[in-house]
Each structure stands twice: as C-alpha cells, then as structure tokens.
Amino acid sequence: MNQSTTHFAPNTVKIAQGTKRDAPPVISVTAMAGVSEMVRQAFGEKVLRQAKQAAMLDIEMIEHHDCFIPQATMTGFLKEVERRAGEPHIGLLVAPHLSLTRYGRWGEYVLASDTLHTAIARSLATLGYHSTGDRMETSVDRGVARLSYFNAARGWPGYVHVACGTAGVMLSLFRSYLPSNWLPRHVELDIPRPRSASLFEEAFSCPVVFDSSAVSICFDGRLLDGPATRGPGWASARPGRA
C-alpha cells in the first residue's frame, strides 16, 4: 500500500474513564504483527491455517494496517494455536520477539519521546488509540516503581499468552531507553501460578510474581528521574510499514 488509512477506536476517553463498557473491547491489529509468522516457523502452515479459520480472520493479511480487531479474536487465535500445536507456552515463546516498534502509529508516537519518563507518560495518556477496555497506570512505593497494564481480556481462554506478550512489549519499551543488560526487579502477571513457573523466570530473566491484579514491570524508581534517553540511530532500526 502506498497510503495507509488510520481508523481510531471510538469513544476512547469515555472508555478509558470507565463510563462506557457495553461495547466489546478492541485492539489494534498491530499488536499481532509478526505473530503469524512465528507460528508458521514454530508449528507449521497447517496449525497457522487452522488458527486463522477458528478466528475467522486472516490476521496476517492486515497486521500492518492501522485498524482494530476484537480482543476476543486475538485470544481465540492464540488459544487455537495452543490447542492445535499442543504447546501451552506460546506466549513465552513469542514474548522475547515482541516490540513496541511494531505497534503502528501509536508505537511510533510513544517511542518518539526523548526520555523513558516521557514515553511512559505518553503511553498512559494515549492508550485509547491502541485499544479499548484496557488501562495503564504507574506507581512508586519505597523507591520501587511499577508500570501496570490492565487487560480487558483477562481471564478469557487464551489470555495467558496475551499476558506474556504484554509483558514482553512493556519490557521492549524500557529497553528502548536503557542499556542492553538492564533487567527489571521483577515481572508481575495476572494469571494463576503455573506448575512450570521457572520457565517464566527464564523467559523474562528475572523473578516473576503470579496471581497479580495486572501485568506489571517493577523497576528502580530512580529511572523515572534519570536521563534515560534514546540511543542514536533508533529510528533506523524500526521495521518498515506496509
């Protein structure tokens, strides 16, 4: 496409303030950018085709467009991949490869910030242009800061993969501004503690707390005050747009 068309989510302010929740939550299809190809490489074309059929949408065909899909479509697709592939940890497999740089114009706007503090502020203020029904917040307690994402799809079949992917994308935001060896104090996931909890800590390279109220990245609060800035050449590292 030579020219893309942006379709913004309706009533973003009202939904973010919790005054209208009757409409099914939607999310930018860019949240799934690259996932179909990862499924193809890991599990084969047949599993990918079956998941597309179950979702009743070829997400791969539109994943670089600025449009929205029901969050139920996203969770349903991931749940079907899990069922067909027999792999309960799809979210952990894809999380390290997910990045805010693939999140279309919203991701571009957030990452155009000069500092980590400003990028976080932008993501909180404009989340309604990426999804509806979700919300983000920050808090600081005794020097430990927490960036939290509350997913509208929490508890749905397939949500465990969304939770892991959300954590992966949030970590990519921090790593866009911090040294490559930076690690969070810990990650919190709003899913039940699994039997294979150690796999989650290996995937995120830090302690992981389960049964939380949101997906959260916990980090040194001083990072919000320090000069965490974009490194040179970051824009050239972004993937091209369709």
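Leaving aside its neighbours within four places in sequence, with which residues is His 89 in contact? The close-up views below are taken from a predicted model, and the legend of the second view answers this question.

**View 1. Overall composition of the protein chain.** The predicted model contains 10 helices and 7 strands in its protein chain. Of the 242 residues of this chain, 48% count as buried. Among the contacts with a separation of 6 or more, 68% are accounted for by residues 24 or more positions apart.

**View 2. His 89 and its surroundings.** His 89 lies in the loop between helix 5 (71–85) and helix 6 (90–94). With its neighbours within four places in sequence set aside, His 89 is in contact with His 161, Ser 196, Leu 199 and Phe 200. One of these residues, Ser 196, is joined to His 89 through a side-chain to side-chain polar contact of 3.1 Å. The relative accessibility of His 89 is 18%, so the residue counts as buried, the cut-off being under 20%.

**View 3. His 161 in helix 9.** His 161 belongs to helix 9 (residues 159–175) and is buried, its relative accessible area being 3%. When residues up to four places away in sequence are not counted, His 161 touches Leu 78, Glu 82, Pro 88, His 89, Ile 90 and Gly 91. For Gly 91, the backbone nitrogen is placed 3.3 Å from a polar atom of the His 161 side chain. The contact between His 161 and His 89 connects this view with the preceding one.

**View 4. Aromatic pairs.** A pair of aromatic rings is described by the distance of the centres and the angle of the planes. The count for this model comes to 4 aromatic pairs. In the pair of Tyr 103 and Trp 106, the ring centres are 6.5 Å apart and the planes stand at 40 degrees, so this pair is tilted. Tyr 103 and Trp 106 are both buried. The pair of Phe 174 and Trp 182 is stacked, with 5.2 Å from centre to centre and 10 degrees between the planes. Phe 174 is buried at a relative accessible area of 0%, and Trp 182 is buried at 12%. Through ring pairs, Phe 174 and Trp 182 form a cluster with Phe 219.

**View 5. Arginine side chains over aromatic rings.** Two arginine residues are shown with their ring partners. The charged end of Arg 122 is positioned over the ring of Tyr 109, at 4.2 Å from the ring centre. Arg 135 lies over the face of Phe 150, with 3.8 Å to the centre of that ring.

**View 6. The five-stranded sheet and helix 8.** The sheet is open, consists of 5 strands in the order 3-4-7-5-6, and has mixed pairing. Strand 3 (135–141) and strand 6 (208–209) occupy the edges; each has a single partner strand, so one side of each is left without a neighbour in the sheet. Strand 4 (residues 144–150) pairs with strand 7 (residues 215–220) in the antiparallel sense, over 6 bridges. Within this pairing, Leu 147 has Ile 217 of strand 7 as its bridge partner. Helix 8 (residues 116–126) packs on the sheet and touches strand 3, strand 4 and strand 7. The direction of helix 8 makes about 140 degrees with that of strand 3.

**View 7. The hairpin of strand 3 and strand 4.** Strand 3 and strand 4 run antiparallel and are joined by 7 bridges. Asp 141 stands opposite Val 144 of strand 4. The hairpin has 2 residues between its strands, and Arg 142 adopts a positive phi near 55 degrees there. Most residues other than glycine have a negative phi. Arg 142 is located in the loop between strand 3 and strand 4 and is exposed, with a relative accessible area of 82%.

**View 8. Asp 211 in the loop between strand 6 and strand 7.** This view is centred on Asp 211, which is placed in the loop between strand 6 and strand 7. Although Asp 211 is not a glycine, its phi is positive, at about 60 degrees. Asp 211 has a relative accessibility of 56% and therefore counts as exposed, the cut-off being over 50%.

Methods:
Residues are numbered from 1 along each chain as its sequence is written. This is a predicted model: local features need pLDDT of at least 70, side-chain atom pairs count only at pLDDT 80 or more; totals for chains, interfaces and linings use all residues. Side-chain values use heavy atoms; hydrogens and water are left out. Helices (H or I, at least four residues) and strands (E, at least two) are DSSP runs, numbered from the N terminus. Buried means under 20% relative accessible area, exposed over 50%, partly exposed in between (1.4 Å probe, protein chains only). A polar contact is a pair of N or O atoms within 3.5 Å; within protein, one must be able to donate a hydrogen and the other to accept it, and residues adjacent in sequence count only if both atoms are side-chain atoms. Contact means heavy atoms within 4.5 Å. Rings of Phe, Tyr and Trp (its six-membered ring) pair if their centres lie within 6.5 Å; planes under 30 degrees apart count as stacked, over 60 as edge-to-face and the rest as tilted. A charge sits over a ring if NZ of Lys or CZ of Arg is within 6 Å of the ring centre and within 35 degrees of the ring normal. Two strands pair if DSSP finds at least two bridges between them. Axes are lines fitted to C-alpha atoms, for helices over the stretch in contact, and angles run from 0 to 180 degrees between N-to-C directions.
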